[in-house]
Amino acid sequence: MLIFENISLALSGLKSNKTRTLLTMLGIIIGIASVIAVMTVGNSMKNSVTSSMEGMGVHNITVGIKQKSSTRETTESGMTFRAGPRRQTLSKEDYITDDMMEQILSEYPNDIKAFSLTESVGNGKAKYRNLSANVTVTGVNDGYLTANDLTILSGRLFTEKDQKEGKKTAIVSDKFCENIFDGNPDRALGEQITVVLNNKYYHYTVVGVYEYEESAASFDMSSSEDVATQLYLPLKTAQEQNHNRNGFSQITIVASTETDVTAFLETVETYMNRRFYGKNENYEISAFSMESMVSSMTEMLSTISIAIAIIAGISLLVGGIGVMNIMLVSITERTREIGTRKALGAANSSIRLQFIVESVVICLLGGVLGILLGLALGLFAVRVMGYEGSPSVSSIAVSALFSTMIGVFFGYYPANKAAKMNPIDALRYE
Amino acid sequence: MEDRKLMIDLRGIVKRFYIGQPNELEILHGIDLKVCDGEFVSIVGASGSGKSTLMNIIGALDKPTEGDYTLDGVNIIEARDRELSGIRNRKIGFVFQTYNLIARTCALKNVELPMLYRGMGRRERSMRAKELMKLVEMEERMNHTPDELSGGQKQRVAIARAMANDPAIILADEPTGALDSKTGRKIMDLFHRLNEEQGKTIVLITHSPELAQETQRIITVSDGSIIGERKGDGKHADI
Ligand SMILES: Nc1ncnc2c1ncn2[C@@H]1O[C@H](COP(=O)(O)OP(=O)(O)OP(=O)(O)O)[C@@H](O)[C@H]1O
Ligand SMILES: [Mg+2]
């Protein structure tokens, strides 16, 4: 009961001193607002990135070669620096070969569902009679097609013969068909299309049409009309076209459903580095999965969050000291009031409660304003960045709790000072 | 008068300030004073003679350096902080020269304050406060804050507040000191009514010989000692 009286008393006191109250709360407002804004942005980013990454297959492990970090060059002046990537210096023994994959498969037959292999050919224009569509031409193996869950709308996937003999067959998207075959996938089957790549003409026969999915992660700014969709070739066809007989700079291992991807990723990386790249001076194997990327991204975000939390903590500390200062001023100003209250029978505890409540009211009010401001800023920033806004509920709750705690913590000393005043000294105070 | 209950019993009260310092100061030099239940006593004396210091000890706002004090049967010297606040809350009503109303708080809430500290419920509080406002003829102004009231009105609110918990004693330190004589007269009438109709024990400090003369007993303090005591007229002449 005394609490409610004290709250309304505190509020009326603060109302009559609006400017001062607002200035006092500023530190708290800024501190809380920055926490909430950063948390809102972080949370929204995490949510949308995580969900779009999860859509890309959690069982895929990407294995690639990367330059050894110990590779250094010494310049004439004797200074050492890290060599930049030198794609053109890749030599035959640097690539991941079919032979290696076979060995990995025989080593871990239960963990590997498939190898998803691609050979990038390039971007070009596909032509059929006088119609055309943009395509990204990629050679893929069967593992790729399973790993990426392509939905075939019409026709078929590549046959073993297509893959083995490097047939000039192609699988195109339904979007592609919209441009060229009036959106009728069945009409595309069996038709021969011409693809212009680097001013060279290639001819492929369409054997299948897959359903194009707009990926959430792609920030494709081009209009949906001329978006380049994937045109898949059998892997061997693409390799022959590229005159590539060496192997791959990057492969994807599709792990079995029951395999612990994070653990297996490290196993494969260690195995390959020891077995195939131990003697390689320039390159080593590096493996990652969506899961590991998501977790490293989450880790990065939480590191940022911690940094912000520390800054905000300092701001809140300063804000809290400001509140304490104002409370001390207010208590000095109201010394006679305190004396009067004591003369009327207020116990020390009542006086203490009155001023702690006042300090909590200031901090909590600052906290609420900070939360609102932080949400506004955070959600605005999230919208500008194009993510979906999802405020972090826990950080709002923690902020409210934290500002109450600041109020109690920094209000206690002044309140106690008021409570311990000698009634007659307080009454005589001028 | 002797058969009445003893309300205030001060024995050998000494008050010193700056104890143990070179400028140690003895303000009260062994005061003995007894006030019975229902008495209306006035304390007079020159400025700086120690009247207020004595009054603060009577009101349990300050403790004497030496001496014994029993208030309505309670040993004040040995009482702890918490008991003292209870005593101030229930047994004593203070009226100050400077009113000491709580700023930014309406008159009614000011009157409710002692009841709030007593733990009385909201509705009961508000009802009693309104009754008291009627008693001091301030019911029309009860929602005004102190800065919207005149000195005399403020003092009437302060008296209503002093009466809030129906205390046995009212202590008034120059309650009319800041008021003109006509307004002071009204305040004085109010004290007489409280004394006669409700049997309140009243101790009044005043610089006005006429007002002192209206009380039942006049105690003269000089330089920290009681130098004289005489009967007053007891009742004021009606205007
Ligand atoms: N807290 C204190 N510290 C030091 N000296 C004090 C203190 N309180 C009172 N005194 C001294 O005690 C003396 C008596 O003061 P007191 O206020 O009791 O006088 P008074 O009789 O009420 O005077 P007045 O009629 O002017 O109100 C004064 O000389 C004053 O300086
Ligand atoms: Mg005085």
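**Surroundings of ligand 1**

A polar side-chain atom of B:Ser52 is placed 2.6 Å from an oxygen atom of ligand 1 in this predicted model. For B:Lys51, a polar side-chain atom is found 2.7 Å from an oxygen atom of the ligand. B:Ser49 takes part through its backbone instead: one of its backbone N or O atoms lies 3.3 Å from an oxygen atom of ligand 1. Considered on its own, ligand 1 exposes 630 Å², and 72% of that area is buried by the protein.

The shell around the ligand comprises 14 residues, of which B:Ser47, B:Gly48, B:Lys51, B:Ser52 and B:Thr53 come nearest. By character, this shell divides into 7 polar, 4 nonpolar and 3 charged residues. Helix 1 of chain B, spanning residues 51–58, supplies the largest share of the shell, with 3 residues. The site is nevertheless shared between chains, because ligand 1 is surrounded by residues from both chain A and chain B. With respect to the protein surface, the ligand occupies the second largest pocket.

The overall organisation of chain A was also examined. Its domain assignment gives two entries: domain 1, made up of residues 2–52 together with 297–428, and domain 2, covering residues 92–289. The C-alpha centres of domain 1 and domain 2 of chain A are 57 Å apart.

Conventions
Residues numbered from 1 in each chain as written. Chains lettered and ligands numbered in written order. Predicted model: local features only at pLDDT ≥ 70, side-chain atom pairs only at ≥ 80, totals over all residues. Heavy atoms only, no water. Domains from an automatic or database assignment. Near = heavy atom within 4 Å. Polar contact = N/O pair within 3.5 Å; in protein donor to acceptor, adjacent residues only side chain to side chain. Areas by Shrake-Rupley, 256 points an atom, 1.4 Å probe, with all protein chains shown as cover. 1 Å grid on protein atoms, 1.4 Å probe; cavity = no way out; pocket = protein on both sides within 12 Å on 5 of 7 lines; lining within 4 Å. Sits in = over half its atoms within 2 Å of the grid points. Helix = DSSP H or I, 4+ residues; strand = E, 2+ residues; numbered from the N terminus. Nonpolar A, V, L, I, M, F, W, Y, C, P; charged D, E, K, R; others polar.
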